[in-house]
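Colleague: Please take a close look at the largest cavity in this model. What is its volume, and which residues line it? Then set it in the context of the rest of the chain.

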Amino acid sequence: MRQLSVVGSGYVGLVTGTCFADMGNSVTLVDIDERKIDMLQAGQLPIYEPGLAEMVQRNTDAGRMRFTTSYADGLADAEFVFVCVGTPSGVDGEADLQYVRAAAQTIAKTMRQPLIVINKSTVPVGTGDWTAEIISSNQPQPVDFAVVSCPEFLREGSAIADFMHPDRTVLGSSDASAAERVAELYAPLEAPVVITDIRTAEMIKYASNAFLATRISFINEISIICERLGADVTEVARGMGYDKRIGPHFLQAGIGFGGSCFPKDVKALANMAQTHGMHPQLLNAVMEINAFQRRQITLKARELLDGSVSGKTVSMLGLAFKQNTDDTRESPSLTVARSLLNQGAIVKAYDPVAMANASRDVPGITMCDSPYSAAAESDALLVLTPWNEFKQLDMRRVLKSMRRPIIIDGRNMYSPDELKEIGFVYRGVGRGYNGEGRLANGDD
Ligand code: UGA
């Protein structure tokens, strides 16, 4: 059993802390946000993540996990502190590092015994170096410490499984023995460990996310071409994915990537390149295609609704940026909702868990209590988040309740033939519709 402290109770901090506690360590989670700590102490989670609430409960009951707003309390016996604070986008896409800086300063002022400071937040290359400088210059008296970069690769919605079965653990440090000690914490997970320098570790995180985002923009660009040429991108991706050099993952065409990571990280990496005098052409194209892909949905709705959505009722299934999360940060669904509302549409929506967050972000959406009540009396139905519960809807019932039989399947969840057969006018993403109509060109 090791004594760990985790700073920050967002997705990364909560999942990391809880999983380490579950592996038998003693974990104290520190957050300066009293509301979050109060919730956690009362047995509630500030976020939705499948399986996490039960795991937190189990570990707090077993006395392996506790929560505090005090760094002094949190760091009292810690040998390791994981920094898992937010790094939002600044005005030009650069990562805003105020929380990382503040955490480093407070750790420096509070630590009383040797400590390994492990950074899990996604931070620009070079951050680890200045974190070390901040710590040494803010310590009231010198205490040994080492900084290790350990980027996280968790996906929201499957974060626990991703933590427990990682593809790899990346550790970067100028102190090899500190990196080895962190590797021991991860040893029970039996994943390959890459030990490298701190800048390289920081870059591995950005390059990984940017590569996955690039695959999505790639297949989305192919989807546009497929649509015009009468091919089906879902079959194209399947046919490509069997090639071992390509693989099947992150090749689902859709409404573009969202969430708190890909959009922010691609922008931040492009910004790092730009500020060093480079022209990150591919990264810029990845972002441009992503924005275009979101616009396609509104364009399709407009085309099918006789050139205008004004005064029409458009319903949306799915508000979260992906399934199994209540997170609506950078959610493509919300971009679509804003655009439809700006064009005068009445927007109704249903999401299993993200409606509270979405109403805060886009107050004009009318929230419904089921997919069926969302679809009722609408002129078009947009399916935007691939939740399981949308897969087996009674589509005849949906169709009967709608004013017009239009469905735009933004995640290619349904069989175009089946829906057409029961009477829907169907548009997917990148599923060519062979001369039945052409997408209108133009801006929304
Ligand atoms: C992503 C990475 O997958 C994680 O490895 C990383 O740790 C995390 O960012 C992070 O940096 O913290 P996440 O944002 O939770 O995880 O979600 P993903 O499952 O990667 O999906 C991102 C977006 O891409 C979603 O909007 C999803 O719908 C979209 N997507 C994904 C597609 O449009 N097509 C695909 O084939 C896959």
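Modeller: The largest cavity has a volume of about 50 Å³. The model is predicted, and the values here are computed from it.

Start with the wall. Val83, Val100, Ala103, Ala104, Ile107, Val117, Ile118, Asn119, Thr131 and Val147 line the largest cavity. Two elements each supply two or more of these residues: helix α5, spanning 98–110, and strand β5, spanning 115–119. Helix α5 gives the largest share, with four residues. The chemistry of the wall is mainly nonpolar: eight residues fall in that class, two are polar and none is charged.

One lining residue leads on to the packing. Ile118 lines the largest cavity, and Ile118 is also among the members of a core of 40 residues, together with Val6, Leu45 and Met65. That core is the second one, separate from the largest. In soluble globular proteins, nonpolar side chains tend to be buried together.

The largest nonpolar core has 49 residues. Within this core, Met316, Leu382 and Tyr414 touch the most other members. Take Met316 in detail. Leaving out residues up to four places away in sequence, Met316 touches Ser333, Val336, Ala337, Leu340, Val347, Lys348, Ala349, Tyr350, Leu382 and Leu384. Leu382 thus appears both in that contact list and among the members with the most core contacts.

Now back to the cavities. The search of the whole structure finds three of 30 Å³ or more. The second largest has a volume of about 40 Å³. Its lining consists of Asn119, Ser121, Thr122, Val123, Ser149, Pro151, Glu202 and Lys205. Asn119 is in the lining of both the largest cavity and the second largest. The class make-up of the second lining is two nonpolar, four polar and two charged residues.

Next, the domains. The domain assignment gives domain 1 as 3–196 and domain 2 as 211–427. Their centres, taken over C-alpha atoms, are 33 Å apart. Where they meet, 17 residues of domain 1 are in contact with 16 residues of domain 2.

Some loop residues complete the picture. Pro142 sits in the loop between α6 (127–138) and β6 (145–149). Pro142 counts as exposed because its relative accessibility is 79%, and the cut-off for exposed is over 50%. From Pro142 to Ile246 the sequence separation is 104 residues, and the C-alpha to C-alpha distance is 50 Å.

Two asparagines deserve a check of the backbone. Most residues other than glycine have a negative phi. Asn324 has a positive phi, near 65°. Asn324 lies in the loop between β9 (313–317) and α13 (332–342). With a relative accessible area of 31%, Asn324 is partly exposed. Asn412 also has a positive phi, of about 50°, and is not a glycine. The loop that holds Asn412 runs between β13 (406–409) and α17 (416–421). Asn412 counts as buried because its relative accessibility is 12%, and buried means under 20%.

Methods:
Residues numbered from 1 in each chain as written. Predicted model: local features only at pLDDT ≥ 70, side-chain atom pairs only at ≥ 80, totals over all residues. Heavy atoms only, no water. Core = buried A, V, L, I, M, F, W, Y, C linked by side-chain atoms within 4.5 Å. Buried < 20%, exposed > 50% of the residue type's maximum accessible area, 1.4 Å probe, protein only. Contact = heavy atoms within 4.5 Å. 1 Å grid on protein atoms, 1.4 Å probe; cavity = no way out; pocket = protein on both sides within 12 Å on 5 of 7 lines; lining within 4 Å. Points joined across faces, edges and corners; volume = space filled by probe spheres on them. Nonpolar A, V, L, I, M, F, W, Y, C, P; charged D, E, K, R; others polar. Domains from an automatic or database assignment.
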